[in-house]
Amino acid sequence: MLNSLIRETDALEALTGDALLLVDRDGIILHATALASQFYGLPAPQITGLPMGLALNGPVPREIVLPATGRPALARWESLTGHGLSLHRVLLRDLTALRA
């Protein structure tokens with residue numbers, strides 16, 4: 001099931017042009033798409049296993065600033081449950097160009 005969610009998440013990145021993460025209930029990143037590297041300053045494979053650094057509560061969507069790089073983003077997330085998994089898929093839309 002997780003592999004299927006990873007493929008789906010990568011396809012969503014290709015469609016939207018936004019960075020996406022799969023995050024567990026403890027806030028640990030289980031998968032990061034390639035565009036997520038701009039928010040964390042690391043290649044996507046090195047982001048896996050890191051804490052996301054954002055509480056997934058409150059209003060959605062909302063503007064955030066990622067602590068690792070200081071980049072502004074519009075964050076949205078959805079809960080993904082089923083097959084024994086309890087995850088969030090997080091979309092990060094880069095707002096840097098809009099703030100320049």
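Let me start with one residue: Arg7 sits in helix H1. Helices here are DSSP runs of H or I with at least four residues, strands are runs of E with at least two, and both are numbered from the N terminus. Arg7 counts as exposed because its relative accessibility is 57%. The cut-offs: buried is under 20% relative accessible area, exposed is over 50%, and partly exposed is in between, with a 1.4 Å probe and protein chains only. Arg7 and Leu95 are 88 residues apart along the chain, and their C-alpha atoms are separated by 25 Å.

A word on the model. It is predicted, so local features need pLDDT of at least 70 and side-chain atom pairs count only at pLDDT 80 or more, while totals for chains, interfaces and linings use all residues. Residues are numbered from 1 along each chain as its sequence is written, and side-chain values use heavy atoms, with hydrogens and water left out.

Now the overall layout. The protein chain has 4 helices and 5 strands. From the N terminus, the order is α-β-β-α-α-β-β-β-α. The C-alpha atoms fill a box of roughly 45 × 25 × 25 Å along the principal axes. How does the radius of gyration compare with that of a compact globule? For 100 residues, such a globule would have a value near 13 Å, and the protein chain has 13 Å, which agrees. That radius is taken over C-alpha atoms, and the globule rule is 2.2 Å times the number of residues to the power 0.38. Of the 100 residues, 39% count as buried.

On to the sheet. It is open, with 5 strands in the order E2-E1-E5-E4-E3, and the pairing is antiparallel. Two strands pair if DSSP finds at least two bridges between them. At the edges are E2 (29-32) and E3 (62-65), each pairing on one side only. The twist averages 35° from one strand to the next. Axes are lines fitted to C-alpha atoms, for helices over the stretch in contact, and angles run from 0 to 180 degrees between N-to-C directions.

H1, residues 2-16, lies across E1 (19-24), E2, E4 and E5 (85-94). H1 runs at about 155° to E1. Contact here means heavy atoms within 4.5 Å.

Next, E3 and its partner. E3 and E4 (residues 72-82) pair in the antiparallel sense over 4 bridges. Ile64 stands opposite Ala73 in E4. The two strands form a hairpin with 6 residues between them, and Gly70 in the turn has a positive phi of about 75°. The covered face of E3 holds Arg62 and Ile64; Glu63 and Val65 are on the uncovered one. That fits a general pattern: in a regular strand, side chains alternate between the two faces of the sheet. Just before E3, look at Pro61, in the loop between H3 and E3. A cis peptide bond joins Val60 and Pro61, with omega about -5°.

E4 also pairs with E5. The two run antiparallel, joined by 10 bridges. The bridge partner of Ala75 is Leu92 in E5. Gly82 is in E4 too. Is Gly82 buried, partly exposed or exposed? With a relative accessible area of 28%, Gly82 is partly exposed. The C-alpha atoms of Gly82 and Ile6 are separated by 15 Å, with their positions 76 residues apart along the chain.

Finally, the cores. A nonpolar core is a set of buried Ala, Val, Leu, Ile, Met, Phe, Trp, Tyr and Cys residues joined through side-chain atoms within 4.5 Å. Which residues touch the most other members of the largest one? Leu21, Ile29, Tyr40, Met52 and Leu92 do, in a core of 19 residues. E1, E2, H2 (37-40), H3 (44-47), E4 and E5 each supply at least two residues of this core. Setting aside neighbours within four places in sequence, Tyr40 is in contact with Leu21, Ile29, Ile47, Pro51, Met52, Leu66, Ala68 and Thr69. A second, separate core has 5 residues, including Leu5, Ile6, Leu80 and Leu87.
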